[in-house]
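Reader: I should like to go through this structure with you, one topic at a time. Could we begin once it is on the screen?

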Amino acid sequence: MTTIAILGAGKIGEAMLAGLLAAGRAPESLLFTERYPERVVELTARYGVRGVETDEAAATADVLIVAVKPQDIDPLLHSLSWSIKPGTLVVSLCAGLPTALYERHLPAGTPVVRVMPNTPILVGEAMSAISAGSHAQPEHLQLVEDLLSTVGKVVRVPEAQQDAVTALSGSGPAYFFYLVEAMIDAGILLGLPRSVSTELIIQSAVGAARMLRETGEHPVALREAVTSPGGTTIAAIRELENHAVRAALLSAIEAAAVRSAELGKAHNGA
Ligand SMILES: NC(=O)c1ccc[n+]([C@@H]2O[C@H](COP(=O)([O-])OP(=O)(O)OC[C@H]3O[C@@H](n4cnc5c(N)ncnc54)[C@H](OP(=O)(O)O)[C@@H]3O)[C@@H](O)[C@H]2O)c1
């Protein structure tokens, strides 16, 4: 059976570990690394998975899932550069780190797949976009797609589109949280208790999201269905248009992509 090691079992790494186990993967086929012994003990007690040193993970595993913060990547790549087994698949969950960075530091021919997940991975509802590095083959992409499907949905994109993905689904949950926060405030403005306003908006968000996913209808069709002539919804939509909310979203997401590209440049020459 394929052995998978998660390097850096913080928030994202732990969610990956939990997702793989929930999908039926045997604990003996998983390993993880962590910096602090207390965290190793905690995770082993919770999941029955063994915590090991990076060298052992690199020498044993067939797949290494890198989930450290981007600023911690250099020492990790240094130790992997001499300890990794030939042919090991490296899967990077690190925002903004190009596959070329790994390829420069790891033995020639190492297959690398870059992933941009998002925080709903913590509840098994991630949106992950995956891109092949120059040595990753279709079977590597398929394996990564299967692994990430245990914690949400997966799309394949060329690596050049990862800045757009970062801006759209990477940061996307934050835009929805922002919108929900503003709508809860609107309820307060109208005199509703905060708890009631919060419940109304969160359930409306969940309901709207499920309708989008489960009906397969275009968002315009779903909105038109609740926009009756001379009614309440169209009165609200006129205000959204007056305040150029659509244009603001286009500019906001474009700004996020520009920023992602700027941050990525720091690693491109590294
Ligand atoms: N959170 C998000 O929304 C999100 C979304 C998409 C992608 N990502 C990416 O996912 C990665 C992980 O993010 P996170 O939020 O899960 O961060 P995190 O909670 O800080 O997890 C990283 C973990 O790795 C450990 N670590 C660092 N260097 C290590 C090493 N050499 N060996 C073993 N363990 C090591 C850290 O230990 P210490 O606590 O000692 O530092 C920490 O527990 C990042 O690269 C991020 O870009 C995150």
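**Strands, ligand shell and domains**

Author: This is a predicted model. As a starting point, E4, H4 and E5 form a β-α-β unit that is right-handed.

Reader: How many bridges join E4 to E5, and in which sense do they run?

Author: Strand E4, residues 63–66, is joined to E5 by 4 bridges, and the two run parallel. Within this pairing, Val 63 is opposite Leu 89 in E5.

Reader: What does E5 pair with over 3 bridges?

Author: E5 pairs with strand E6, residues 112–116, in the parallel sense. Here Val 91 of E5 stands opposite Val 113 in E6. E5, helix H5 (residues 99–105) and E6 make up a right-handed β-α-β unit.

Reader: And the side chains of E5: which residues point which way, and are they buried or exposed?

Author: In strand E5, residues 89–92, Leu 89 and Val 91 point one way, while Val 90 and Ser 92 point the other way. All of these are buried. In a regular strand, side chains alternate between the two faces of the sheet.

Reader: Let us turn to the ligand. How many residues surround it, and which are the closest?

Author: The ligand is surrounded by 25 residues, the closest being Gly 8, Gly 10, Ile 12, Cys 94 and Ala 95. By class, the shell holds 12 nonpolar, 8 polar and 5 charged residues.

Reader: Which helices each supply at least two residues of that shell?

Author: Helix H1 (11–22) and helix H4 (73–83) each do so. H1 gives the most, with 3 residues. H4 is also the helix of the β-α-β unit with E4 and E5.

Reader: A different topic: where are the domain limits?

Author: The chain is divided into domain 1, covering 4–160, and domain 2, covering 172–262. Taken over C-alpha atoms, the centres of domain 1 and domain 2 are separated by 34 Å.

Reader: What is the count of buried residues in H11?

Author: The count is 0 among the 11 residues of helix H11 (residues 232–242), which is hardly covered.

Reader: And which residue just after H11 takes a positive phi?

Author: That is Ala 244, with a phi of about 50°, although Ala 244 is not a glycine. Ala 244 is found in the loop between H11 and helix H12 (245–268).

Reader: Why does Ala 244 count as exposed?

Author: Ala 244 counts as exposed because it has 11 C-beta neighbours inside 10 Å, and the cut-off for exposed is 12 or fewer.

Definitions and conventions. Residues numbered from 1 in each chain as written. Predicted model: local features only at pLDDT ≥ 70, side-chain atom pairs only at ≥ 80, totals over all residues. Near = placed C-beta within 6 Å. Nonpolar A, V, L, I, M, F, W, Y, C, P; charged D, E, K, R; others polar. Buried ≥ 20, exposed ≤ 12 C-beta atoms within 10 Å, placed from the backbone. Domains from an automatic or database assignment. Pairing = 2+ DSSP bridges. Right-handed = clockwise from strand over helix to strand, strands pointing away.
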